[in-house]
Amino acid sequence: MGASEDFMIDVDALLRTVENAAPIDAVEAVSASLGEMISASSVTMLIADFSGRAVVRLTSTDRVAGARGHGDEQAETLPLAGTPYENVLRTQQPFLERVGTGARTIVPVTDRGDAIGLLELELPRYPTPEEIADISSAAHALAYVVIAARRHTDVFEWGQRSTPFALAAEIQRRLLPASYTCEAGQFTLAGWLEPASSVGGDTFDYTLDRHSLQVSITDAVGHQVAAALLATLLVGGLRNGRRRGLDLADQAAYANDCLSENAGAGQFVTGQLMRLDLRTGTAEVVNAGHVLPLRLRAGQVTEIPLAVDAPFGVLPGKRFRVQPLPLEPGDRVVFLTDGMQERNAATLDVAAALAASTDLHPRELVHELGAAVLHATGGDLRDDATMVCLDWYGGPPRGRVTEQGADVSRASAALPTGG
C-alpha cells in the first residue's frame, strides 16, 4: 500500500471484516480492524448530520454525557462551526496535528463527492505522507461500507437525526435522492432542502444514465402530511414514467395524470423537469407553474426566461411544453422553490449570493443558501426552502479525476449533504 512495514493497511482484510460483521456492527468492526493494523489508540467514524451543521459520533460501547440513546446505541452530536471537522469537509483534505510523540488525523469519508462523514484517528507516531494516503484510501472504502450497511439497519438514519422527524418529514425524506451530490466529468450537481417547521411538500430528485442527466424540483401545495402525500403522488409518477423510458414530455403528462386522477380537487404541485443530453450538451425543461431558475454566467446572474404551463394536477390530460434550456460550459444553474423567496426572508438576495459563489463547490453553495434563508427568517421558515445547483463543465462524456472519492478539479469541496 506504499506504507512502511509496521504501518500496513490490508484493504482485503477490512472487506472480509465487513462481510463477517452484522450490518449494525460493520463500521465499528472496520474501525477496530483498521486501528489494529496501524496501532492507533482510537479510530472513530463521524457521520454527517442531516442538518448539515454537525457530525455525529456513533457508538454502542462508550457512554457519553449528553449523547442521545437508542437502546444500546449512542449518538454524540458535534457542531461543525470553527472546527477541524468543518475544514476537512470543506477542503476534502486530511487534517493532521502532532499530539506528543504521536498525531491526531481526520480524513474525509466520501463517495462521488457526497461527504458521508469523517474518520478520526489517534496515531502512535507522526505519519508519512504515504501513510496518510493509505489511511485516506481506507476512509474512502469506509464510505462504501456505510452505504451498504445502512440498507439493512436504521441506526445510521437514527444517528443522523439531531431532532426527531414528524410524520410529514419522514414521508418527505423518502422522496429525496439517496445522495444529495453527484460529481461527474461533465458536471457537478448538489441539492439541499431546509424544511419548514410545518413541512411544505418540497422535493428534488435526479438520475444519471449513460447518455443523460435528469433533474426535478417540485413544490406541493399545502403543509404537513397532506402536502407530503401530494408530493408522493407526483414524485412516484415522475419516477415511474422515467423508469418506463418515457421522454420528458410524456413523463410530465403521465405524472400530471397520476396526480389529477388520485388527488382531490384544488390539489396541485408546481415543478420543473430537466433533461441534459450528455452527448450533445443540450438541455430541455418543462416548467409547470414554478419559480424561474437562475443562471450564473461570466459573473452575471439572470433569471432563465421560461414559458409557464399550469401546475401538475390542474388540467387532466394536459400536454406540457418542452423548452430549450441554453447552457454553455462554465454555467452555474440554480433551481429553487418559492420558500427561498418567502416574505419573511426578504433580506436574502439569492441572486447576489449566487453571484458571489464562484469559488464555492455546489454543495457549499446550496448549504450556504439554506443557512442564509434560515438566518433571514430567524429560523422561522414558513415554507420549505429547496434548491438544486448544477455546474456544467461541458465537453464530451468522460470520467472524473479524483482523490479518495472527491473531484480534484475543484479547490474546495463542501459541507455534508445528508446520508
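Visitor: Which strands pair in the antiparallel sense over eight bridges?
Guide: Strand β9 (residues 187-194) and β18 do, in this predicted model.

Visitor: How do I read such a pairing at single residues?
Guide: Look for bridge partners. W192 has M387 in β18 as its bridge partner.

Visitor: Which other strand pairs with β18 over five bridges?
Guide: Strand β17 (residues 332-336), again in the antiparallel sense. Here L336 stands opposite M387 in β18. So M387 appears in both pairings: it is the bridge partner of W192, and it stands opposite L336.

Visitor: How many residues of β18 are buried?
Guide: First, the cut-off. A residue counts as buried under 20% relative accessible area. Strand β18 covers residues 385-392, and eight of its eight residues are buried.

Visitor: Which residues point which way from β18?
Guide: Sort them into two sets. A385, M387, C389 and D391 point one way. T386, V388, L390 and W392 point the other way. Both sets are buried.

Visitor: Let us try another strand. How many residues of β10 are buried?
Guide: Five of its seven. Strand β10 spans residues 202-208 and is mostly covered.

Visitor: Which strand is joined to β10 by seven bridges?
Guide: Strand β11, residues 212-220. The two run antiparallel. For one pair of partners, take L208: its bridge partner in β11 is L213.

Visitor: What do β10 and β11 form?
Guide: A hairpin, with three residues between the strands.

Visitor: Now the whole chain. How many helices and strands does it have?
Guide: The protein chain has 10 helices and 20 strands.

Visitor: What does the radius of gyration tell me here?
Guide: Compare it with the value for a compact globule. With 419 residues, such a globule would have a radius of gyration near 22 Å. The protein chain has 22 Å, so the two agree. For the extent, use a box along the principal axes: the C-alpha atoms fill roughly 70 × 45 × 45 Å.

Visitor: What share of the 419 residues counts as buried?
Guide: For the protein chain, 56%. The accessible surface comes to about 17,300 Å², and 53% of that belongs to carbon and sulfur atoms.

Visitor: How do I read contacts along the sequence?
Guide: Ask how far apart the partners are. Take contacts between residues at least 6 apart in sequence: 68% of them join residues at least 24 apart.

Visitor: How many side chains are positive and how many negative?
Guide: The protein chain has 34 positive and 53 negative side chains. The centres of the two sets lie 5 Å apart.

Definitions and conventions. Residues numbered from 1 in each chain as written. Predicted model: local features only at pLDDT ≥ 70, side-chain atom pairs only at ≥ 80, totals over all residues. Heavy atoms only, no water. Helix = DSSP H or I, 4+ residues; strand = E, 2+ residues; numbered from the N terminus. Rg over C-alpha atoms; globule rule 2.2 N^0.38 Å. Buried < 20%, exposed > 50% of the residue type's maximum accessible area, 1.4 Å probe, protein only. Contact = heavy atoms within 4.5 Å. Areas by Shrake-Rupley, 256 points an atom, 1.4 Å probe, with all protein chains shown as cover. Lys, Arg positive; Asp, Glu negative; His and termini not counted. Charge placed at Lys NZ, Arg CZ, Asp CG, Glu CD. Pairing = 2+ DSSP bridges.
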